[in-house]
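Visitor: Please take me through one part of this model closely. I would like the helix packing first, then the backbone details around it.

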Amino acid sequence: MVGVAGVASCWMRKTLKRRKVIWWLACSWTAGTVEDFLTVMGEGASWPSSSNVYLFRDDRGFIMVDVGCGGRVGRLLEEMRAKGVKPNDVHTVLLTHAHPDHMGGIAEFLKYAKARVIIHELEAPAAMKPEVLEERFDVHLCVKHYGSFFTGHFSLLSYFESVCPMSKVTPDETVREGDVLEFGNYSFRILRTPGHALGHTSLYEEREGFLLSGDLIGATVAWYSPSSGGVIGYLESLRKVERLRVDRIYPSHGPEITDVKEAICRVKNKLLRREKVILQALEEGEKTFKELNQTLIRKPQLLFFPGTVILESHLIKLEGEGKVGRRGDVIFKV
Ligand SMILES: [Zn+2]
Ligand SMILES: [Zn+2]
């Protein structure tokens with residue numbers, strides 16, 4: 001925690017320093033000005049794009065936040081080399097969560113760098129054993145409703161393999177809510193922000209007033225599943241961030257966000273709008289799960305996933321609030 005004086009001097013420091021951020025979006029490089037050593041790399045906003053990769057310099061080298069998809073590490077190393085960063089300069093990799101677009105490249109990256117890997121304790125099981133993601137994504141619910149689409153079998157990891165391969169890693173360290181990681185001038189507070197992933201982590205740099213939001217806030221709104229925290233967890237996570245003094249966000253997908261308030265509202269409104277759509281549809285009469293899913297999710301290819309788990313998340317919330325009820329597969333307004 002820093003007091004008012006700390007915040008004031010931080011602002012002064014910010015205006016005095018010429019800082020540099022480079023972000024790589026849709027394969028093109030753009031240079032802007034932010035931090036004196038912050039490097040940002042990413043491909044785009046939509047799955048299966050790799051997440052942005054952020055590099056922070058301290059007196060020992062670099063801290064890397066996420067590594068992106070498997071199979072794209074060569075490209076990452078190339079871009080790092082172009083900026084004068086050698087893989088072995090990276091002494092720590094912080095993973096925001098154990099999804100393939102964020103950590104799929106970790107096993108390959110560690111062949112080039114002797115970095116210690118840090119992840120939230122609740123994400124560690126999936127990082128060590130990616131099969132756990134089947135549960136975290138609630139694939140069983142998708143198969144329950146749409147199993148016949150895939151002749152009764154759907155393998156999440158095989159699917160990842162074809163678009164953004166996952167890998168596994170045993171973390172050297174795990175973190176939890178409230179932990180603070182100090183690196184040179186940077187001090188990252190660990191915020192657990194579930195909804196999209198059970199141990200999803202956002203990193204808050206309080207002195208500088210920025211947040212590495214992971215997938216919580218970004219160019220697109222992330223999916224959420226009951227086992228990853230659901231819509232209840234997602235809304236709580238947004239409220240947690242709302243209470244902080246944050247003047248810019250570095251998301252895992254998309255460019256830097258400077259209108260923080262608007263960005264949080266945009267995500268929150270999208271979640272609440274979905275709830276409204278569900279209640280309005282039920283106003284007309286009871287619906288089956290699939291009918292309701294079709295009302296909520298317009299693109300047919302998204303009904304199986306993430307439609308199923310998004311709808312299930314909302315139904316759990318609305319049932320808890322006594323607004324909807326279920327009779328087998330039929331959902332009705334209370
Ligand atoms: Zn994710
Ligand atoms: Zn992501």
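Guide: What follows starts with a helix pair and moves on to unusual backbone spots and a sheet.

This is a predicted model: local features need pLDDT of at least 70, side-chain atom pairs count only at pLDDT 80 or more, and totals for chains, interfaces and linings use all residues. Residues are numbered from 1 along each chain as its sequence is written, while chains are lettered from A and ligands numbered from 1 in the order in which they are written.

The chain averages a pLDDT of 87, and 86% of the residues score at least 70 (pLDDT is the predictor's confidence in each residue, from 0 to 100). Residues 1–36 have a pLDDT below 50.

Now the helix pair. Helices here are DSSP runs of H or I with at least four residues, strands are E runs of at least two, and both are numbered from the N terminus. The axes of α11 (residues 289–296) and α12 (residues 303–320) come within 10 Å and cross at roughly 100°. Axes are lines fitted to C-alpha atoms, for helices over the stretch in contact, and angles run from 0 to 180 degrees between N-to-C directions. The two helices are therefore roughly perpendicular (65 to 115 degrees).

Leu292, Asn293, Gln294 and Leu296 in α11 meet Leu303, Gly307, Thr308 and Leu311 in α12. Contact requires C-beta atoms, placed from the backbone, within 7 Å. By class, this contact has 4 nonpolar, 4 polar and no charged residues. Nonpolar covers Ala, Val, Leu, Ile, Met, Phe, Trp, Tyr, Cys and Pro; charged covers Asp, Glu, Lys and Arg; the others, Gly among them, are polar.

Helix α12 also holds Pro306. The peptide bond from Phe305 to Pro306 is cis, with omega near 5°. Another cis bond runs from Trp47 to Pro48, with omega near 5°. Pro48 sits in the loop between β3 (38–41) and β4 (53–58). Most peptide bonds are trans, and most residues other than glycine have a negative phi.

Asp66 has a positive phi, near 65°. Its place is the loop between β5 (61–65) and α2 (73–82). Asp66 is buried, with 26 other C-beta atoms within 10 Å (buried means 20 or more, exposed 12 or fewer, partly exposed in between).

Last, the sheet. An open sheet of 5 strands runs β9-β10-β11-β12-β13, with mixed pairing. Strands pair if DSSP finds at least two bridges between them. The edge strands are β9 (180–183) and β13 (248–251).

How values were computed. Angles under 35 degrees count as roughly parallel, over 145 as roughly antiparallel, 65 to 115 as roughly perpendicular and the rest as oblique. Two residues are in contact if their C-beta atoms, placed from the backbone, lie within 7 Å.
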